[in-house]
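Work through the exercises below with the sequence and coordinates open. Each task is followed by a solution in steps.

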Amino acid sequence: MTDTARTARADVPERPTLDGLEETWARRWQEEGTYAFDRSRGRADVFSIDTPPPTVSGELHMGHVFSYTHTDTVARFQRMRGRTVFYPMGWDDNGLPTERRVQNVYGVRCDPSLPYDPDWRAPATPVDDAARKDPTPISRRNFVELCETLTAADEKVFEELWRRLGLSVDWSLTYTTIGRAARVASQRAFLRNLARGEAYQAEAPTLWDVGFATAVAQAELEDRERPGAYHRLRFAGPGGRQVLIDTTRPELLPACVALVCHPDDERYADLVGSVVRTPVFGVEVPVRAHPLADPAKGTGVAMVCTFGDLTDVTWWRELALDTRVVIGRDGRLLPEPPAGVPAQPYAALAGQTVNGARRTVVGLLADAGDLVGEPRPITHPVKFYERGDRPLEIVSTRQWYLRNGGRDTGLRDALLARGGELRWVPEHMKHRYDHWVGGLTGDWLVSRQRFFGVPVPVWYRLDDTGEPDRSHPLTPDESALPIDPSGEPPPGYDESQRGRPGGFVGDPDVLDTWATSSLTPQIVGGWETDPELFRRVFPMDLRPQGQEIIRTWLFATIVRSHLEHGVLPWRDTVLSGWILDPDRKKMAKSKGNVVTPMALLEQYGSDAVRYWAASGRPGMDLAFDPAQIKVGRRLATKLLNASKFALGLGAADALRAPYDNSSSARLTPRRDLELSATEPLDTAMLAELSGVVAAATAAFDGYDHTAALQATEAFFWRFCDDYIELVKERAYGTGPGADSARAALATALSVQLRLFAPVLPFATEEIWSWWRYGSAHRATWPTTYEVGRAIQGDGDPELLRLASAALSQVRRAKSERKLSMRAEVPLAEALGPAALLDRLALVADDLRAAGRIGKLDLLPDRAPELVVACAF
């Protein structure tokens, strides 16, 4: 392809470049509504995507680029298949991540007791570490306003990056998880859950993040290895018997309510049913048996405290034990001892942090002679909130719960059945869902003690003593939503009655961010606010998401849809793998090993970055590799240059006006102006291309964008390196042979641009604009029928491979002699089986022209396989 190409149209630039395409085409797509959802189409014509709303609390990284590119290839493919694609974008902007970002950026903290200050202004620039360590207290309303301001700025930055990446989102469908539509949908769903008995309040042991001062759900936990130590304590048993137990939390000794051993452990069988006394405090506690006790762990008998871990909660509940809570919401030991614990020894612990109390109790044990040996250092898993930096405690609090099958076998079975109805890509991810649902130990805790979130929409009557009646919450009418109980009175009351005996008080909590995000199909689909739209898009076709949030977002969305609508929220789910750093470790903000995409997009172009992303299949991890991005840029550049060259050969003239442009919404192919490929090499190339179309289509139907890209790319390089070189001399000429070449080039170029379009949207749109009407991304997806229409007679795809193999041998002969590829070959002899050479004779003229062969002799049956010998 070194010949000077003849420009087919003035639209073809002299020097095609990838630079600047993103800005040009992103603007054009927005102006022309290229990706706008068509509300007039029926449900059968709609492909709806429940797009993950990224958390707006920092920067997007290459993991986001990876997974969102995958979704975009699906959207583009379905759009070209004739569906109108419902492809919204949301921003997950409420909850703890946003609050923490506001605190760090502005050096503030929320104090709900403070009044609203309309004149308060945030610092104009981010504050220093000193201000973060001594944050300024501001009212809840001031704090929420600051959250809204910062997220709005972050969302603009995110949208700019997504547009540059080329996501074919309909930006008129954007939503936020703290926006009005989200608040209405979240509160409506909660009120209906409450009316049906699916939402309820309970005072119970609660996982508590001391740093964030909020309850945490089971799905938000993660284990982190932390150093600790086993302490061996001596309990006083009956008849002077000593009972030794090992514990990593001696500070919970005053919260001890029992000792537990395994029912089959003969060492302690005689103790079961008796009582022992705790060291230091001398409190009598029972010895009980339970199958969760591990005879091989420590001494085989465990101390049950309320509450040290989730196993303690299980033992406490199933054995109906007493409750002695000693740790408060601030992470410190309560000022007063629990009932039955003597005040004198406890006084040394009151108000201490957990670590301080641990040191004090260890000292008291040593002084009493009840610490056996020295503490033994260990490393063990400790429960953390996934976004927190301090170990979780378990405290007793009143919270809102939503039934999720954790305590209801019938509901659990129904939700497992829903998982079986769902199409999983890859299929093996389903076992994670089944494992999670099958292992649930409690209902979904949905209330949070935070500020920037969707308020729990209930109030409580206050009795004559000012105590709230929590068993009969006051609720608003759905028509009044959204409401904020902290700033609005319930029906039948006025604001003067707030907090007064006989009046009311609003629920101070907000809903867990997952309680809102679990309703993304309802929020963006117009549930109860736009019934026609909801009928067109729900249940949705696709939920793309990360594998690590199967237990949270995916499961929670199924729960909400099952309870409210009795159906799955979508038909298919596609799970993303992880992006790995060069050391094969998962990229994560918390690990500090993330790579942000903007510099790479600017350096290599969006198509190159998308190519890298599309190289990873659903569910498979992909290492971040700049070299692969460079390969993507080389491919996109080659596509520009090869297309220019093919158009210069006259491809555009073969299909001068292939589309009827009377409708901007749908481009209709015109067959009356098409020429056909008649020459053997041309029909062979198109026959092979037909197979590529079939393979790519099947791959995209199976959500395997990588296989589609690989099939298309492999053909493209053979098309450039072999076919164009073989056919270009004929294409430059006139007559039927030239017409055939140009027809084949036109068809091949048109088809390949559309095959590449889901992955390389900018380069393909640019090339399309040189010679076609409308947008490549609104054109129809290529079909084998379409390619077959361009072939006169039958095409033999093996014929192109045979010609390519022969040309390769001629090139190699020139290369070995250090000759230019333009060097003449006076004589070439082709040896091989007669049948093979008979087929080679069909393309002999093209081979002679491409190899610059003066004379080509075909010598049958002189070699078992094709050999081309060149004489210079």
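**Exercise 1.** State what share of the contacts between residues at least 6 apart in sequence join residues at least 24 apart.

Solution. The model is predicted. Among its contacts between residues at least 6 apart in sequence, 78% link residues at least 24 apart. For the setting of that value, the chain has 872 residues, of which 55% count as buried. Its secondary structure comprises 27 helices and 31 strands, and the C-alpha trace spans about 110 × 65 × 55 Å along its principal axes.

**Exercise 2.** Determine the strand order of the open sheet that contains β7 and β16, and explain why β8 and β18 are its edges.

Solution. Step one: the four strands run in the order β8-β7-β16-β18, with antiparallel pairing. Step two: β8 (214-215) and β18 (444-445) each have a single partner strand, so one side of each lacks a neighbour in the sheet. Step three: β7 (residues 199-209) pairs with β16 (residues 393-402) over ten bridges. Within this pair, Y200 lies opposite Y401 of β16.

**Exercise 3.** Decide how many disulfides the structure holds, and check C261 and C305.

Solution. Step one: the count is zero. Step two: for C261, the nearest cysteine sulfur belongs to C256 and is 14 Å away. C261 has 0% relative accessibility and therefore counts as buried. Step three: for C305, the closest cysteine sulfur is also in C256, at 5.0 Å. A disulfide requires sulfur atoms within 2.5 Å, so the sulfur of C305 is too far for a bond. C305 is buried as well, with a relative accessible area of 2%.

Key. Residues are numbered from 1 along each chain as its sequence is written. This is a predicted model: local features need pLDDT of at least 70, side-chain atom pairs count only at pLDDT 80 or more; totals for chains, interfaces and linings use all residues. Side-chain values use heavy atoms; hydrogens and water are left out. Two strands pair if DSSP finds at least two bridges between them. Helices (H or I, at least four residues) and strands (E, at least two) are DSSP runs, numbered from the N terminus. Buried means under 20% relative accessible area, exposed over 50%, partly exposed in between (1.4 Å probe, protein chains only). Contact means heavy atoms within 4.5 Å.
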